[in-house]
Amino acid sequence: MIRRLPDAVVNKIAAGEVVERPASAVKELVENALDAGASTIAVDLRDGGAALVRVIDDGIGMTADELPLALERHATSKLATDADLDAIATLGFRGEALAAISAVSRFTVTSRARGAAEGLRLGGEGGAVIQRLVVPCDAGTSIEVRDLFFNTPARLKFLKSAATELSATLRALSQLALAHPEVQLRVANNGRPVLTAPAAATLKERIGALWGWDLAGRLLTVQHAEHGVRVHGHASPADVTRGGRDDVIVIVNGRPVRDPALLQAVLAAYRPILARDRFPLVVLAVDMPPADVDANVHPTKAWVRFRHPRLVQELLAAALHDALQQPTAVAAAVDWSSAGAAASGAPVAAAAPAGQSALFAETAAPYTTAVRFGRVLGQVQDTFIVATTDDEVFFLDQHVVHERVLFERLEAELASGGAPSQALLAKRGRFVGASPRWSRRPPRPAAVPGSPT
Ligand code: ADP
Ligand code: MG
């Protein structure tokens with residue numbers, strides 16, 4: 001027999017997609033606060049959110065008529081017609097989160113709309129409203145979610161330790177904090193402050209509050225606009241790295257997104273200058289027409305689809321590429337006098353330290369192969385050239401010899417004034433086959449040619 005599922009069951013099923021763990025509930029509630037135009041958001045957690053999530057905002061609030069609706073599935077104030085779905089300008093739009101969260105928790109929602117004399121409080125559990133109270137309260141909304149998954153034992157079992165849930169929750173919160181620097185965000189766990197971000201005038205200021213001012217001061221500025229898409233943010237220079245990719249954050253129209261292709265574009269830009277096991281710190285905000293990006297891909301809204309994915313990837317790569325060309329992209333600590341060894345980590349900077357030119361000014365030791373190394377006998381181990389004179393045997397490392405040959409060739413070219421310049425150490429053009437509209441820009445002339453190796 002086929003039956004229509006009761007609402008309570010439908011909500012529980014939907015909740016499984018929307019609310020994966022406490023971090024997802026926190027994310028949804030803070031997104032609602034941001035959509036409500038809050039300028040201050042306070043989050044209280046117990047056990048990383050598993051025991052309690054309380055989010056208090058000073059946003060527009062809800063009227064007594066709106067509040068009960070907000071808890072219903074597919075009830076939203078953010079979409080009016082299906083055309084709105086094509087250009088979403090808010091973080092929420094599916095009208096699912098509150099229904100889902102209240103279906104799997106013990107909840108209290110208190111809200112007072114701006115201009116209303118008093119507020120309304122609804123409380124209940126498992127999706128059912130049990131309590132309804134008119135209360136005096138501040139304008140804005142306060143939502144308390146206790147005992148998440150108390151009625152879904154299967155999900156409850158999958159919760160990790162309080163520390164693990166807390167770190168997932170803080171990761172979600174700091175991404176939102178980076179996406180909205182102007183909003184003050186305070187987070188406490190078990191009564192102790194764990195994240196404090198005052199309202200910031202700039203993204204850099206917010207990064208300073210979250211990641212530390214020293215670090216923020218070292219970051220390079222990223223700024224790029226093309227074809228109606230603007231990329232701005234901050235990126236670490238070659239010597240500021242992390243062991244994982246968690247600090248590569250891409251924000252699209254105010255929404256932190258998980259986009260494997262964009263992550264790859266970022267990592268690719270760093271590949272020439274970072275060791276394989278090191279990762280950059282990058283916060284990039286991409287602003288584009290809402291119609292060119294679709295957030296309606298998954299209930300958590302963490303993935304998006306771009307109308308022109310290649311364009312966005314290429315733009316991010318270009319933006320980072322420009323930033324990494326800045327002279328400070330390479331640590332001042334790099335010893336340029338031994339630049340031969342350091343060259344692999346050094347983009348060709350327009351204003352390379354003076355020490356580097358010394359490398360090229362060095363006068364070549366006079367020698368002729370024939371005289372110095374005698375007669376070539378052969379090669380051993382695919383690595384060494386063996387040569388002899390009447391009284392000596394030479395083992396020459398082919399690789400090193402080759403470098404020397406290139407070096408001298410370069411020197412000769414420099415001396416004759418016609419050395420070809422190497423503008424781009426961090427190569428662009430990874431997206432071969434991109435449509436000609438997004439063709440690469442001509443390489444820039446560099447003041448100093450790249451060193452051999
Ligand atoms: P969505 O955000 O997709 O609209 P939600 O279930 O998260 O769906 O919220 C439902 C509705 O409740 C929202 O559209 C909004 O009108 C209202 N709402 C939720 N949280 C808040 C809040 N913090 N302040 C004001 N209104 C809110
Ligand atoms: Mg929402």
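Contact here means heavy atoms within 4.5 Å. Helices (H or I, at least four residues) and strands (E, at least two) are DSSP runs, numbered from the N terminus. Axes are lines fitted to C-alpha atoms, for helices over the stretch in contact, and angles run from 0 to 180 degrees between N-to-C directions. With these terms, helix 6 (residues 162-179) lies across strand 1, strand 7 (184-189) and strand 8, and runs at about 175° to strand 7.

The model is predicted, so local features need pLDDT of at least 70 and side-chain atom pairs count only at pLDDT 80 or more, while totals for chains, interfaces and linings use all residues. Residues are numbered from 1 along each chain as its sequence is written, chains are lettered from A and ligands numbered from 1 in the order in which they are written, and side-chain values use heavy atoms, with hydrogens and water left out.

Next comes the sheet. Its eight strands form an open sheet in the order 5-4-3-6-2-1-7-8, and the pairing is mixed; two strands pair if DSSP finds at least two bridges between them. Strand 5 (128-135) and strand 8 (192-197) are at the edges and have a single partner strand each, so one side of each is left without a neighbour in the sheet. On average, neighbouring strands of this sheet are turned by 10° against each other, direction ignored. Helix 2 (residues 22-35) packs on the sheet and touches strand 1 (40-46), strand 2 (52-57) and strand 6 (140-146); the direction of helix 2 makes about 165° with that of strand 1.

Strand 3 (residues 106-112) is mostly covered, with five of its seven residues buried (under 20% relative accessible area, with exposed over 50% and partly exposed in between; 1.4 Å probe, protein chains only). Strand 3 pairs with strand 4 in the antiparallel sense over six bridges, and Thr-110 has Arg-121 in strand 4 as its bridge partner. These two strands form a hairpin with six residues between them, and in the turn Gly-115 has a positive phi of about 90°. Strand 3 is also joined to strand 6 by seven bridges, again antiparallel; there Phe-107 is paired with Val-145 of strand 6.

Finally, the ligand. Polar contacts are pairs of N or O atoms within 3.5 Å; within protein, one must be able to donate a hydrogen and the other to accept it, and residues adjacent in sequence count only if both atoms are side-chain atoms. A backbone N or O atom of Gly-95 lies 2.8 Å from an oxygen atom of ligand 1.
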